[in-house]
There are 2 protein chains.
Amino acid sequence: MELTERKRQILKVVVEDHIRTAEPVGSKTIAAEMTGKVSSATIRNELADLTEMGYLEQPHTSAGRVPSPKGYRFYVNELMERQSLSEDETERINESLQLRGGEMDRMMTQAGKALSSIVNYPTYMTTTRKRKLTVRRFDLLPVDGGSCIVVMMMSSNRVKSQLLQLQLQVEQDQLPALVNLLNTHFVNISLDDMNQRLMSVADQIPPQLFLLLSQAVNYAVEALEEADKREIVTAGASQLLKLPEFRDADKAHDLMSFLADSKESLPVLDDGPMKILIGPENVDEALKDTSVIIASYDIGDDMRGLIGVVGPTRMDYATVAARLSGFAEGLTRMFGKNLPPKEDTQS
Amino acid sequence: MELTERKRQILKVVVEDHIRTAEPVGSKTIAAEMTGKVSSATIRNELADLTEMGYLEQPHTSAGRVPSPKGYRFYVNELMERQSLSEDETERINESLQLRGGEMDRMMTQAGKALSSIVNYPTYMTTTRKRKLTVRRFDLLPVDGGSCIVVMMMSSNRVKSQLLQLQLQVEQDQLPALVNLLNTHFVNISLDDMNQRLMSVADQIPPQLFLLLSQAVNYAVEALEEADKREIVTAGASQLLKLPEFRDADKAHDLMSFLADSKESLPVLDDGPMKILIGPENVDEALKDTSVIIASYDIGDDMRGLIGVVGPTRMDYATVAARLSGFAEGLTRMFGKNLPPKEDTQS
DNA sequence: TTTAGCACTCATCGTTCCGGAGTGCTAAAG
DNA sequence: CTTTAGCACTCCGGAACGATGAGTGCTAAA
């Protein structure tokens, strides 16, 4: 089942030619482009073999060959030469990473756009949290009798705060008690535990204080939930329309509305620095004839970022993979020096 | 220059027919759809007049008529009947406004999507601030010698906070002095004044304290700038691909990348509850043959929201206008009961 | 095993050729 | 003066056709 050296070479030429031209590749073209001198007839024999083995496909009897998903897979695994970035590319990437650090999701959007214009395909970005987020410390600042400010420092060192309209007037001296309660019982525990703990203290403190407490805890729970929500942003969807395989408006529409509305089911990367999913390897029906390349980067805190590129199966894997990993490294570097001390937080 | 009643009637039929079918409208069709009994020949005479007057256009000699921008404008101003929403539509809108209130931009995205699926066109949302945002109050919470938490309550009642890595060790007793300084000199003043004021106090306080002060003020300035930045989100761009006028991938691409990359130049609404821009009335080249409807809604605080719909000139003005204003009212209502007390804030 | 040769297939593209929808004009009728 | 029937004319869109050419598979010779 091993492929002969020549078959490998031919397959490689077919894949790379087709990636470049989007057209089926014929025996003559291949012969011209091959290093070893063989006639087109020989190539035709080999092509027939490769087709039978499932590496190539024929749109119709008298057309050239097109790589099958299996062909692309073989190409990616064995034939593709790991590209390194040119001076220009590196510079371009670094330049595009001069993001002015605003809020997290704004940065993500910017980065996604930047990458999209670098690889010329749509991209998506998301983050995952390595450990569960918890509250490390509470503070309450009095405003007036009817409201106060809750400040929470999270385990990620972010700080969230909000004005809390109290459900009942509060005496000045109740706040310290409340803070104390919060900081002894509701700190460094998971979201679920918080609710539980709230129940368990219910009958140990005055009902009035409990009301305030539960309000504060509820806010904390909401904030944790909010922060834990995996946010996904996509960018550059319109790039699709430049590709010959998406000239058909219906096809383009399907994929684009998938990218807009079903981001959640875009593939993720559990481990490793990079993953390539080719055509039907994607579980989602809408991605069955697209390919996805995903890479991960480090954000600091306990966060990990994911950045993916979506394209046709005819995607330029070598280039995209190189640029993507360069970009991911750039992101890691950027967050590395950007985050530790100074960064914004929320709510 | 006034149009006769019959001409008005004919123009109305042409516009509405063309909106429905996207095809040029012929004299026979019009005759059939008109209430008053006239022959197609009469209609043809009228059509010739209307064409000459610039209300209609002819794609080619032997085709039906298509409304010109001027025709649409006349339709919108004089002919269009103000639609009211059906039960179903109202319900649909209210349902779609059951947004779970997270952060502001997330809500905007959600609302934009919702509206887009209600009107079947791409939408965009943005907000403008009526008055300049200022800081109303500062707090500093000690963390350890090297860092503290800044908490700022804004004039909008939002609270922002962040962990501040201090550039030098700080004695416990310096913080109150710092807070005091902040709350006397840097409160309720504009962003520009803040920088100025910082200069002016420079030589009145110990340099060590000044360093801390300027760090805090800088953070405040950044936060204000960040909050003042007008953010625009678009949604539902892929809807375009379902429209016959955007079956052409290049046209679709142009508009879609405009929506993605040049959001800032989308039209805004300075006053009034709604504005309709038809084709060439748009200043931006990319919108020359699209129409835009914009409405505004109230967010509370000192914010005003804008929500716009982008579509072909053949947009269904009556329906979209009705749904859009219903949606805008819904948003105002939602923010009305949602915001005053409880809402999230940032950083 | 390779290759030249050849007949064959089939998508693509330009041409041509209707059919039909729609027009403008004319002349008669109201 | 306005409306309408009638008619010749225009022109788009689709079907039908054929030529072109890229590409194939097979055969037979090298």
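**Protein–DNA contacts and aromatic pairs in the predicted model**

Of the atoms of DNA strand D that lie within 4 Å of the protein, 80% belong to sugar or phosphate, and the rest belong to bases. The model is predicted, so that local features need pLDDT of at least 70 and side-chain atom pairs count only at pLDDT 80 or more, whereas totals for chains, interfaces and linings use all residues. Side-chain values use heavy atoms, with hydrogens and water left out; residues are numbered from 1 along each chain as its sequence is written, and chains are lettered from A and ligands numbered from 1 in the order in which they are written.

A residue is taken as near a strand if one of its heavy atoms lies within 4 Å of it. Around DNA strand D there are 20 residues, of which A:Ser27, B:Thr42, B:His60, B:Thr61 and B:Ser62 come nearest. The residues of this surface divide into four nonpolar, twelve polar and four charged, where Ala, Val, Leu, Ile, Met, Phe, Trp, Tyr, Cys and Pro count as nonpolar, Asp, Glu, Lys and Arg as charged, and the others, Gly among them, as polar.

Polar contacts are pairs of N or O atoms within 3.5 Å; within protein, one atom must be able to donate a hydrogen and the other to accept it, and residues adjacent in sequence count only if both atoms are side-chain atoms. On the backbone of DNA strand D, a phosphate oxygen lies 2.7 Å from a polar side-chain atom of A:Ser27. Bases of DNA strand D are reached from both chains: a polar side-chain atom of A:Arg44 lies 3.2 Å from a base nitrogen, and a polar side-chain atom of B:Arg44 lies 3.2 Å from a base oxygen. The elements giving two or more residues to the surface near DNA strand D are α3 (40-53) of chain A and α3 (40-53) of chain B. Helices (H or I, at least four residues) and strands (E, at least two) are DSSP runs numbered from the N terminus. The largest share of the surface near DNA strand D, four residues, comes from α3(B).

DNA strand C is also surrounded by 20 residues, and A:Thr42, A:Thr61, A:Ser62, B:Ser27 and B:Arg65 come nearest. Sugar and phosphate make up 80% of the atoms of DNA strand C that come within 4 Å of the protein. A polar side-chain atom of A:Thr61 is placed 2.9 Å from a phosphate oxygen of DNA strand C, and one of A:Arg44 is 3.2 Å from a base oxygen of that strand. A backbone N or O atom of B:Ala63 lies 3.5 Å from a sugar or linking oxygen of DNA strand C. At least two residues of the surface near DNA strand C are supplied by each of α3 of chain A and α3 of chain B, with the largest share, four residues, coming from α3(A). The residues near DNA strand C comprise four nonpolar, twelve polar and four charged.

Over all chains, the structure holds six aromatic pairs. Rings of Phe, Tyr and Trp (its six-membered ring) pair if their centres lie within 6.5 Å; planes under 30 degrees apart count as stacked, over 60 as edge-to-face and the rest as tilted. The pair of A:Tyr55 and A:Phe74 is edge-to-face because the ring centres are 5.4 Å apart and the planes stand at 70 degrees. This pair links distant parts of the chain, 19 residues apart: A:Tyr55 lies in the loop between α3 and β1 (56-57) of chain A, and A:Phe74 in helix α4 (residues 69-79) of chain A. Buried means under 20% relative accessible area, exposed over 50%, and partly exposed in between (1.4 Å probe, protein chains only). A:Tyr55 is buried at 7% relative accessible area, and A:Phe74 is buried at 14% relative accessibility.

In chain B, B:Tyr55 and B:Phe74 form an edge-to-face pair, 5.4 Å centre to centre with 70 degrees between the planes. B:Tyr55 is in the loop between α3 and β1 (56-57) of chain B and B:Phe74 in helix α4 (residues 69-79) of chain B, 19 residues apart. Both B:Tyr55 and B:Phe74 are buried. A charge sits over a ring if NZ of Lys or CZ of Arg is within 6 Å of the ring centre and within 35 degrees of the ring normal. The charged end of A:Lys70 sits over the ring of A:Tyr55, 4.6 Å from its centre, and the charged end of B:Lys70 sits over the ring of B:Tyr55, 4.5 Å from its centre.
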